[in-house]
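Subject: Structure handover

Hello,

Here is the structure I promised to pass on. Please open it first, then read my notes beside it.

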Amino acid sequence: MEPNKGLVSALFLFFLLHATMASPTPKPHIKPRSPPHHPCRHLTFYFHDIIFNGKNFKNATAAIVGSPPWSNRTILAGQSHFGNLVVFDDPITLDNNLHSAPVGRAQGFYIYDRKDIFTAWLGFSFVFNSTQHRGSINFAGADPLMNKTRDISVIGGTGDFFMTRGVATLETDAFEGEVYFRLRVDIKLYECW
């Protein structure tokens, strides 16, 4: 009597699958790195933004490079400045005095992105080249301007701040109309190399 080939094949596959599933698979023993609860570095800087208004070419550190059709490039648009794109190269200081010696430059852009309330989206870097700091810290995130403080992400860096991560708390420290504003930036780094 010849055994049924299909039954033998099915039994063979059953035992093969059972043996494969029953044997423990080696799992790597990688312990996830938990984020530190306290910052590894804490820094505070101020940056000073002076928007070009058609008359202040020598002092301006920012310019409107994109505007909606109902606006122009020397005055921020009405309706919460919606649609304006501003590029900046602002001095960074250790205190809130515009005339203090700069320790670096804040370089990047902001886009006013809502019609009904003042809010912007920021993408910029602090670029340092001083005896105290060298390299850059990169930032990105939403800036709801009507809040007293706003948090944006620290998304990387170079030099002294190589691959750093953290949070920057922004606070409008002063402003003069729609031409000048000063931000206090409180940086807490949670990944430092």
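The protein has 1 helix and 9 strands. Please keep in mind that this is a predicted model. Along the sequence, the elements follow the pattern α-β-β-β-β-β-β-β-β-β. So much for the outline; now some totals.

The protein has 193 residues, and buried ones make up 35% of them. The exposed surface comes to about 12300 Å². Carbon and sulfur atoms supply 61% of that surface. I also looked at contacts between residues with a separation of 6 or more. Of these, 46% link residues 24 or more positions apart.

**Strands 5 to 9**

Start at strand 5 and walk along the chain. Strand 5 covers residues 120–129. Strand 6 covers residues 134–143. The two run antiparallel, joined by 10 bridges. A hairpin of 4 residues connects them. For one facing pair, find G123, which stands opposite A140 in strand 6.

Next comes strand 7, residues 149–159. Strand 6 pairs with strand 7 in the antiparallel sense, over 6 bridges. Here the hairpin passes through 5 residues. I137 stands opposite G157 in strand 7.

Is strand 6 enclosed or open? Of its 10 residues, 7 are buried, so strand 6 is largely enclosed by the rest of the structure.

Strand 8 follows, at residues 165–176. Strand 7 and strand 8 are antiparallel, with 6 bridges between them. I152 has A168 in strand 8 as its bridge partner. This hairpin has 5 residues between its strands.

Strand 9 spans residues 180–191. Strand 8 and strand 9 also run antiparallel, joined by 11 bridges. The bridge partner of T169 is D186 in strand 9. Their hairpin has 3 residues between the strands. In that turn, G177 has a positive phi of about 60°.

**Three residues to look at**

Begin with A140, which lies in strand 6. Its relative accessibility is 17%, so A140 counts as buried, the cut-off being under 20%. Which residues does A140 touch, leaving out those up to four places away in sequence? They are W121, L122, G123, I152, S153 and I155. G123 is also the residue that stands opposite A140. Now compare A140 with V167. They are 27 residues apart along the chain. Their C-alpha atoms are separated by 9.9 Å.

Move on to M163. Where is M163 found? It sits in the loop between strand 7 and strand 8. M163 has a positive phi of about 55°, although it is not a glycine. Most residues other than glycine have a negative phi. That is the reason to check this spot by eye. M163 is partly exposed, with a relative accessible area of 34%.

The third residue is F52. Look for F52 in the loop between strand 1 (41–50) and strand 2 (62–66). F52 is partly exposed, at a relative accessible area of 23%. Leaving out residues up to four places away in sequence, F52 touches F57, A60, A62, A63, R73 and T74. F52 and Y180 are 128 residues apart in sequence. In space, they are 9.4 Å apart, C-alpha to C-alpha.

**The largest pocket**

Last, the pocket. The largest pocket has a volume of about 480 Å³. How many residues line the largest pocket? There are 24. Those that lie nearest its centre are Y112, L145, T172, F175 and F181.

Four elements give two or more residues each to this lining: strand 4 (104–112), strand 5, strand 8 and strand 9. Strand 9 gives the most, with 3 residues. By class, the lining has 16 nonpolar, 4 polar and 4 charged residues.

**Where to begin**

I would follow the strands in order. Begin with G123 opposite A140. Then view I152 with A168 in strand 8. Finish that walk at T169 with D186 in strand 9. After that, turn to the largest pocket and find the residues nearest its centre, F175 and F181 among them.

Best wishes

Conventions: Residues are numbered from 1 along each chain as its sequence is written. This is a predicted model: local features need pLDDT of at least 70, side-chain atom pairs count only at pLDDT 80 or more; totals for chains, interfaces and linings use all residues. Side-chain values use heavy atoms; hydrogens and water are left out. On a 1 Å grid over the protein atoms alone, a cavity is a set of points where a 1.4 Å probe fits but cannot get out, and a pocket is an open set with protein on both sides within 12 Å along at least five of seven lines; lining residues have an atom within 4 Å of a point. Grid points are joined across faces, edges and corners, and a volume is the space filled by probe spheres set on the points. Ala, Val, Leu, Ile, Met, Phe, Trp, Tyr, Cys and Pro count as nonpolar, Asp, Glu, Lys and Arg as charged, and the others, Gly among them, as polar. Buried means under 20% relative accessible area, exposed over 50%, partly exposed in between (1.4 Å probe, protein chains only). Two strands pair if DSSP finds at least two bridges between them. Contact means heavy atoms within 4.5 Å. Accessible areas come from the Shrake-Rupley method with a 1.4 Å probe; for residues, only the protein chains shown count as cover.
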